[in-house]
Amino acid sequence: HVRLELDLYHAGLMKEDIVEVWEKFGHLVTHIQIADVPGRHEPGTGALPVVPFLEAVARSRYAHHVGLEYHPQGSTADSLRWIPEAFRPRGMSH
């Protein structure tokens with residue numbers, strides 16, 4: 001009955017492939033925390049492939065919690081602008 005939290009920031013610090021980690025351990029995860037590496041800012045400000053990660057999560061039909069645990073580089077509202085882009089079907093323009 002034990003489940004895991006996947007913290008993308010710490011996985012990134014450890015140089016883990018976050019998509020590969022999800023594919024291997026996602027079935028045990030009931031909470032995901034998102035922050036980019038380096039800097040612990042919003043996705044798109046660092047090196048983590050957050051969109052491919054979220055695509056893998058969606059394919060798995062994950063139905064648990066996702067938390068945004070980052071320090072916005074600007075305002076909180078501005079830091080949320082990555083979300084619509086992350087969930088836009090690939091190959092479509094704005």
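Student: Is Ser79 buried or exposed in this structure?

Tutor: In this predicted model, local features need pLDDT of at least 70, side-chain atom pairs count only at pLDDT 80 or more, and totals for chains, interfaces and linings use all residues. Residues are numbered from 1 along each chain as its sequence is written, and side-chain values use heavy atoms, with hydrogens and water left out. Buried means under 20% relative accessible area, exposed over 50%, and partly exposed in between (1.4 Å probe, protein chains only). Because Ser79 has a relative accessible area of 2%, Ser79 is buried.

Student: Which residues does Ser79 touch, not counting residues up to four places away in sequence?

Tutor: Contact means heavy atoms within 4.5 Å. Leaving out residues up to four places away in sequence, Ser79 touches Glu42, Tyr70 and Pro72.

Student: Where does Leu68 lie, and how is its exposure described?

Tutor: Leu68 belongs to strand β3, residues 65-68; strands (E, at least two residues) are DSSP runs, as are helices (H or I, at least four), numbered from the N terminus. With a relative accessible area of 40%, Leu68 is partly exposed.

Student: Which element gives the largest share of the largest nonpolar core?

Tutor: A nonpolar core is a set of buried Ala, Val, Leu, Ile, Met, Phe, Trp, Tyr and Cys residues joined through side-chain atoms within 4.5 Å. Of the 23 residues in the largest one, Leu8, Trp22, Ile32 and Phe53 touch the most other members. Elements giving two or more residues include α1 (8-13), α2 (18-25) and α3 (50-59). The largest share, 5 residues, comes from α3.
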